[in-house]
Amino acid sequence: MSTSQDQQPLTLAPRELDHHLSYLKLPFMAQHYDELAQQAATKQWSHLDYLSTLAQGEADWRRDRATQNR
């Protein structure tokens with residue numbers, strides 16, 4: 001995926017984003033991206049803080065599931 005300064009930001013409909021997250025098997029992100037986006041806007045998080053929080057939640061969720069499965 002190429003990124004450049006003059007590209008327009010990609011705007012996805014929530015349904016498209018849900019589809020991508022499901023395809024990528026990211027259930028925590030699929031369930032929490034909207035709630036965390038609202039929290040990020042309220043608390044003025046950077047994009048990286050928002051993404052990091054989502055990724056951390058996904059990683060924690062997977063660790064918990066792995067522990068439960070053992």
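# A guided tour of a three-helix chain

Begin by selecting alanine 37, which is partly exposed, with a relative accessible area of 30%. Because partly exposed covers values between the 20% limit for buried and the 50% limit for exposed, alanine 37 falls in that middle class. Alanine 37 is found in helix α2. The model on display is a predicted one.

With alanine 37 still selected, add leucine 51. These two residues are 14 positions apart in sequence, and their C-alpha atoms lie 9.4 Å from each other.

**The whole chain**

Now select the whole chain. How many helices and strands does the chain have? There are 3 helices and 0 strands, and the order from the N terminus is α-α-α. Of its 70 residues, 16% count as buried. The accessible surface comes to about 6200 Å², and carbon and sulfur atoms contribute 52% of that surface. Among contacts with a separation of 6 or more, 40% join residues that are 24 or more positions apart.

**Helix α2**

Select residues 27-43, the extent of α2. This helix has 17 residues, and the distance from its first C-alpha to its last is 24 Å, close to the 24 Å expected at 1.5 Å a residue. Tyrosine 33 is the next residue to pick: a kink of about 50° in α2 is centred there. Tyr33 is also one of the buried residues of α2, together with Phe28, Met29, Leu36 and Ala40. What covers these buried residues? The cover includes α1 and α3.

An α-helix has 3.6 residues a turn, so residues three or four places apart point the same way. With this in mind, display the side chains of Met29, Tyr33, Leu36 and Ala40, which are among the buried residues of the helix.

**The packing of α1 against α2**

Add residues 14-23, which form α1. Two packed helices are described by the angle between their axes and the distance between the axes. Here the axes of α1 and α2 come within 8 Å and cross at roughly 155°. Because an angle over 145 degrees counts as roughly antiparallel, α1 and α2 are roughly antiparallel to each other. To view the contact itself, show Pro14, Leu17, Asp18 and Leu21 of α1 with Met29, Ala30 and Tyr33 of α2.

**Lysine 25**

Proceed to lysine 25, in the loop between α1 and α2. Is lysine 25 buried or exposed? Its relative accessible area is 62%, and lysine 25 is therefore exposed, since the limit is 50%. Most residues other than glycine have a negative phi. Lysine 25, by contrast, has a positive phi, near 60°.

**Glutamine 44**

Next select glutamine 44, in the loop between α2 and α3. Just after α2, this residue takes a positive phi of about 55°, although it is not a glycine. Glutamine 44 counts as exposed, at 71% relative accessibility.

**Helix α3**

Finish with residues 47-69, the extent of α3. What span should the 23 residues of α3 have at 1.5 Å a residue? The expected span is 33 Å, and the end C-alpha atoms are 33 Å apart, which agrees. Within α3, highlight Tyr50, Leu54, Gly57 and Glu58, which are buried. The cover over these residues includes α2. Viewed together with α2, this last selection shows cover in both directions: α3 is included in what covers the buried residues of α2, and α2 is included in what covers those of α3.

How values were computed:
Residues are numbered from 1 along each chain as its sequence is written. This is a predicted model: local features need pLDDT of at least 70, side-chain atom pairs count only at pLDDT 80 or more; totals for chains, interfaces and linings use all residues. Side-chain values use heavy atoms; hydrogens and water are left out. Helices (H or I, at least four residues) and strands (E, at least two) are DSSP runs, numbered from the N terminus. Buried means under 20% relative accessible area, exposed over 50%, partly exposed in between (1.4 Å probe, protein chains only). Contact means heavy atoms within 4.5 Å. Accessible areas come from the Shrake-Rupley method with a 1.4 Å probe; for residues, only the protein chains shown count as cover. The expected span of a helix is 1.5 Å times one less than its number of residues. The bend at a residue is the angle between axes fitted to the seven residues ending there and the seven starting there. Axes are lines fitted to C-alpha atoms, for helices over the stretch in contact, and angles run from 0 to 180 degrees between N-to-C directions. Angles under 35 degrees count as roughly parallel, over 145 as roughly antiparallel, 65 to 115 as roughly perpendicular and the rest as oblique.
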